Amino acid sequence: MSESINIKQTIVVRARPDVLYRLALEPKRRAKWDPNLASADYEGEGSRLANNALVRFKFTRRLLGLAFTAKYGQLQAPQRGGWESVRHVGPLEKLTQGWVFKPMPGGTEVTLTVNGRVRYKWVRMPVERVLHNMVATTLLELQRTVDAQGAQLMEDMGRELAEKQKADQKAAKEVAKAAKRKK
């Protein structure tokens, strides 16, 4: 019984869509800046970025060092592109990744979508957590690669939001404790 995982995150990056398109979809360029990939290269000699091109990816040890082959599809430079796994990737039956680059004043809106179909129901939650983390770090590193100041700002905002949520949770616990004591 397989279950689907769908993750979609958007970020604004101060760079042109064509630059981001090449950084995100060219395997060798991607392997240089993406901390989730140990290696990425075309299968076969003289391959280039095109629909149905096969690429061999290998995740870092943090992502279990899984190696898999993916096939490019839906390439429309510089607006969109993506790939899907040819065979299963560890506990996933299928793993797909899609990028959309929408130009806007002052930069590009980048949307990264990752879809996976888990082979076993019991492994869904941990795999989903890992994929969420992978998407967030990939987008942050893409932004850091082309726009270091903007990435630092996003990281600081995320940290502040997390601290605020922790403080709110702590306050809610204190209120609950106080309410219990009054009874």
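**Strands, helices and rings: how the labels are earned**

Modeller: Lys-58 stands opposite Ala-67 in β4, and this, like everything we discuss here, is read from a predicted model.

Biologist: What makes β3 and β4 a pair of strands?

Modeller: Two strands pair if at least two bridges are found between them, and strand β3 (residues 54-59) is joined to strand β4 (residues 67-76) by five bridges, with the two running antiparallel. The requirement is therefore met for β3 and β4.

Biologist: How do you know that β4 and β5 pair, and in which sense?

Modeller: Five bridges link β4 to strand β5 (residues 80-85), and the sense is antiparallel; as at least two bridges are required, this counts as pairing. Within this pair of strands, Lys-71 stands opposite Glu-84 in β5, and three residues lie between β4 and β5, which form a hairpin.

Biologist: How many bridges join β6 to β7?

Modeller: Strand β6 (residues 92-104) and strand β7 (residues 107-118) are antiparallel and joined by 12 bridges, and here Trp-99 stands opposite Leu-112 in β7.

Biologist: In what order do the strands lie in the sheet, and what makes β1 and β2 edge strands?

Modeller: The sheet is open, has seven strands with antiparallel pairing, and follows the order β1-β7-β6-β5-β4-β3-β2. Strands β1 (3-13) and β2 (37-42) are called edge strands on the ground that each pairs on one side only. On average, neighbouring strands of this sheet are turned by 20° against each other, direction ignored.

Biologist: Which strands does helix α1 touch?

Modeller: Helix α1 (residues 17-25) packs on the sheet and touches β1, β4, β5, β6 and β7, while its direction makes about 165° with that of β6. Helix α3 (residues 124-146), for its part, lies across β1, β3, β6 and β7 and runs at about 20° to β1.

Biologist: How do you know that the span of α3 agrees with what its residues should give?

Modeller: The expected span is 1.5 Å times one less than the number of residues, so the 23 residues of α3 should span 33 Å, and the end C-alpha atoms are indeed 33 Å apart. The two values therefore agree.

Biologist: Why is Leu-131 called buried?

Modeller: Leu-131, which lies in helix α3, has a relative accessible area of 5%, and since buried means under 20%, the label applies. Leu-131 belongs to a list of buried residues of α3 that includes Val-127, Glu-128, Met-134 and Gln-143. Not counting residues up to four places away in sequence, Leu-131 touches Ile-5, Ile-7, Leu-92, Leu-95 and Val-114.

Biologist: Why does Gln-97 count as buried?

Modeller: The relative accessibility of Gln-97, whose place is in strand β6, is 6%, and because the limit for buried is under 20%, Gln-97 falls within it. Leaving aside neighbours within four places in sequence, the contacts of Gln-97 include Arg-30, Gly-81, Trp-83 and Leu-112.

Biologist: What makes the link between the side chains of Gln-97 and Trp-99 a polar contact?

Modeller: The distance joining these two side chains, Gln-97 and Trp-99, is 3.3 Å, and the cut-off for such a pair of N or O atoms is within 3.5 Å, so the distance qualifies.

Biologist: Why is the pair of Phe-59 and Phe-68 called tilted?

Modeller: The ring centres of Phe-59 and Phe-68 are 5.2 Å apart, and their planes stand at 50°. Rings pair if their centres lie within 6.5 Å, and planes neither under 30 degrees nor over 60 count as tilted, so this pair is tilted. Both Phe-59 and Phe-68 are buried, and they form one aromatic cluster with Phe-57 and Trp-83.

Biologist: What makes the pair of Tyr-120 and Trp-122 stacked?

Modeller: The rings of Tyr-120 and Trp-122 have centres 6.2 Å apart and planes at 20°; as planes under 30 degrees apart count as stacked, the pair is stacked. Tyr-120 has a relative accessible area of 40% and is therefore partly exposed, whereas Trp-122, at 69%, is exposed, the limit for that label being over 50%.

Biologist: How many helices and strands does the protein chain have?

Modeller: The protein chain has four helices and seven strands, and buried residues make up 36% of its 183 residues.

Methods:
Residues numbered from 1 in each chain as written. Predicted model: local features only at pLDDT ≥ 70, side-chain atom pairs only at ≥ 80, totals over all residues. Heavy atoms only, no water. Axes fitted to C-alpha atoms, helices over the stretch in contact; angles between N-to-C directions. Contact = heavy atoms within 4.5 Å. Buried < 20%, exposed > 50% of the residue type's maximum accessible area, 1.4 Å probe, protein only. Polar contact = N/O pair within 3.5 Å; in protein donor to acceptor, adjacent residues only side chain to side chain. Phe/Tyr/Trp six-rings, centres within 6.5 Å; stacked < 30°, edge-to-face > 60°.
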